[in-house]
Amino acid sequence: MSLEESEVVRLAHELDDAQTSARAVTGRPEDWDVASAYRVQRHLVSRRQSRGEQPVGLKLGFTSRAKMRQMGVHDVIVGRLTDAMDVPDGGDLGLGGLIQPRVEPEVAFRVARDVDLEDPRASVVNAVDAVAPALEIIDSRYRDFRFTYADVIADNTSAAAFVVGPWAPMRPLGNLAVRMTLGPQTVAAGTTGAILGDPLRGLRLLAGICRRHAIRIRAGDIILAGAATAAVPLTEGVVTGQVAGLGRVSVRVTRDRSGGGTS
Amino acid sequence: MTTTISAAAERLLAAARDGVPCPPVRDLIGAGDLDQAYAVQEAVAAARERAGSRVAGYKIGLTSKPVQEQFGVFQPDFGLVFDDMLHSHGGELERGAFLQPRVEAEVAFVLATDIETPSPSVADVLRATGFVLPAIEIVDSRIAGWDITIGDTIADNASSGGVVLGTTPRSLDGLDLAEVGMVLEHDGEDVSHGSGAACMGSPVVAATWLARELVRRGRPPRAGDVIMTGALGPMVDVPGPGRFTARLSGLGQVEVTFVERGK
């Protein structure tokens with residue numbers, strides 16, 4: 001079901017308020033289409049921009065086959081990143097402004113030049129020039145991460161914060177070991193191969209989705225490729241993500257109300 | 001041998017012989033008595049050796065923390081690998097030769113020398129290891145519906161079924177097995193992911209645990225033994241005919257095809 005513009009605006013405000021107040025929303029439409037959900041996302045992000053946030057990139061979601069099967073979908077989803085979500089490598093992130101945050105180890109790509117989506121042969125893979133280890137903090141604005149495919153798209157694919165480690169030249173990424181530690185404890189171990197079999201596959205899917213939903217891909221953008229392991233609840237302490245051959249990235253999680261996603 | 005131990009062994013041997021899974025053996029030996037369970041494993045092994053099989057190595061099980069938690073234990077277990085369980089990369093296996101097979105990707109150690117020290121260390125294990133191989137383990141349970149406790153699985157030779165060894169030996173020199181990424185594919189689609197770190201932090205740690213346990217139980221590892229060090233990611237069902245390929249970064253790949261003949 002396609003939503004009226006007024007309903008799109010209302011839902012965007014509701015989700016945005018949930019994020020700024022760190023309180024989950026209660027209701028949402030029973031049945032809505034993906035295009036309407038992307039319209040809500042766009043409105044939600046432009047509301048953040050009207051508060052001064054700058055767009056800095058995109059993120060892919062539902063990049064694991066297990067997750068796709070679980071949700072009964074066959075397509076990845078795209079969310080938008082802003083500078084308010086950007087936590088510097090080694091920086092602090094406060095739990096205070098978040099609802100039910102989880103963290104996942106990922107890789108990030110750097111876009112070197114604008115992608116002309118009017119060109120049917122446009123390649124995002126050819127437009128990226130660097131890759132980095134990354135951590136993504138997701139935080140659903142729906143209680144207990146219970147959502148439908150459309151719900152999570154509207155909620156900007158649960159985007160809350162991200163940390164990007166040192167950039168490195170592009171290289172084969174089909175199977176690099178990934179490890180995430182919380183303090184001394186290894187909390188997740190996997191491989192970049194869990195991201196659609198190869199994170200580059202996500203980049204190949206991105207152009208089509210961005211074209212359908214009028215999302216731009218610009219020089220300087222960061223693209224988070226998707227999770228290499230299952231998400232782990234975020235708690236106080238130092239979280240480190242490590243990708244074999246690429247290096248590591250970390251964030252110090254505190255109880256404060258500060259850092260990404262809480263502006 | 002007590003009557004309960006021989007009764008449990010007989011139940012498991014009959015299931016293997018007849019190709020019909022049996023009820024658990026915990027009613028005979030208890031759900032969590034490890035020594036009783038290993039006594040049953042020995043009894044089953046003795047019967048196989050009388051029938052002409054030879055011990056060719058060992059397999060370590062329960063090496064992942066989530067699986068240990070599921071079984072309520074804080075250590076791995078082990079079973080025996082017999083010569084008739086060893087298969088080579090690229091071969092075909094009759095699915096019907098197994099009862100309820102599942103597969104997982106692992107690192108196999110092949111020993112160049114005996115390990116005799118009373119309490120072997122990491123150094124002893126590294127010194128004794130000739131080379132490592134990528135491997136697929138076929139796990140199988142003689143117990144109907146995989147309805148197993150820790151006692152049941154140890155008695156049932158740690159739910160072992162078979163081993164498919166890759167053919168590209170690698171030296172451990174300069175190789176960090178914690179940083180081996182793993183992608184397991186079924187007919188070209190990735191179905192399981194993981195890394196060396198998921199196996200007790202590193203397969204070397206698992207191999208060291210095994211060496212100590214074997215020496216303690218009066219069965220020191222010997223030159224030529226194949227040690228299957230434990231799954232790098234979740235095991236998956238073998239649904240029917242089809243090909244499994246395990247890709248282990250830095251170690252190469254190994255492949256096995258299940259067939260159903262005469263059907």
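These are my notebook entries on a predicted model with chains A and B.

**Entry 1: confidence**

I began with the scores, and I found an ipTM of 0.86 together with a pTM of 0.91 for the model. For chain B I noted a mean pLDDT of 96, with 99% of its residues reaching 70 or more.

**Entry 2: the contact of the chains**

I then looked up where chain A and chain B touch, and counted 15 residues from chain B and 15 residues from chain A in the contact. On the side of chain B that touches chain A, the elements that give two or more residues are β8 (181-186) and β9 (189-195) of chain B. Of these I marked β9(B), which gives the most to that side, with 4 residues. Sorting that side of chain B by class, I obtained 5 nonpolar, 7 polar and 3 charged residues.

**Entry 3: the sheet of chain A**

In chain A I traced an open sheet of 5 strands, whose order is β4-β14-β13-β9-β10 and whose pairing is mixed. At its edges I found β4 (92-94) and β10 (185-191) of chain A, each of which pairs on one side only. From one strand to the next, the twist averages 20°. I looked more carefully at β9 (residues 177-182) and β13 (residues 237-243) of chain A, which run antiparallel and are joined by 5 bridges. Within this pair, I noted that A:Leu182 stands opposite A:Val239 in β13(A).

**Entry 4: the sheet of chain B**

In chain B I likewise traced an open sheet of 5 strands with mixed pairing, and wrote down its order as β4-β13-β12-β8-β9. Here β4 (91-94) and β9 of chain B stand at the edges with a single partner strand each, so one side of each is left without a neighbour in the sheet. The twist in this sheet averages 20° from one strand to the next. I kept in mind that β9(B) is also the element that gives the most residues to the side of chain B that touches chain A. For the pair formed by β12 (residues 242-248) and β13 (residues 252-259) of chain B, I found 7 bridges in the antiparallel sense, and I recorded B:Phe244 opposite B:Val256 in β13(B).

**Entry 5: a helix pair in chain A**

Two packed helices are described by the angle between their axes and the distance between the axes, and I looked up both values for a pair in each chain. In chain A, the axes of α1 (residues 5-21) and α2 (residues 34-50) come within 8 Å and cross at roughly 55°; α1(A) and α2(A) are therefore oblique to each other. I noted the crossing of α1(A) and α2(A) as right-handed. The residues that α1(A) brings include A:Val8, A:Leu11 and A:Leu15, while those of α2(A) include A:Val40, A:His43 and A:Arg47. By class, the residues of this contact divide into 7 nonpolar, 2 polar and 4 charged.

**Entry 6: a helix pair in chain B**

In chain B, I found that the axes of α1 (residues 3-18) and α3 (residues 34-50) come within 9 Å and cross at roughly 55°, and α1(B) and α3(B) are therefore oblique to each other. I recorded that α1(B) passes α3(B) in a right-handed crossing. Among the residues that meet are B:Ile5, B:Ala9 and B:Leu12 in α1(B), and B:Ala39, B:Val40 and B:Ala43 in α3(B). The class division for the contact of α1(B) with α3(B) is 10 nonpolar, 2 polar and no charged.

Methods:
Residues are numbered from 1 along each chain as its sequence is written. Chains are lettered from A and ligands numbered from 1 in the order in which they are written. This is a predicted model: local features need pLDDT of at least 70, side-chain atom pairs count only at pLDDT 80 or more; totals for chains, interfaces and linings use all residues. Two residues are in contact if their C-beta atoms, placed from the backbone, lie within 7 Å. Ala, Val, Leu, Ile, Met, Phe, Trp, Tyr, Cys and Pro count as nonpolar, Asp, Glu, Lys and Arg as charged, and the others, Gly among them, as polar. pLDDT is the predictor's confidence in each residue, from 0 to 100. Two strands pair if DSSP finds at least two bridges between them. Axes are lines fitted to C-alpha atoms, for helices over the stretch in contact, and angles run from 0 to 180 degrees between N-to-C directions. Angles under 35 degrees count as roughly parallel, over 145 as roughly antiparallel, 65 to 115 as roughly perpendicular and the rest as oblique. A crossing is left-handed if the near helix is turned anticlockwise from the far one by less than a right angle, and right-handed if clockwise.
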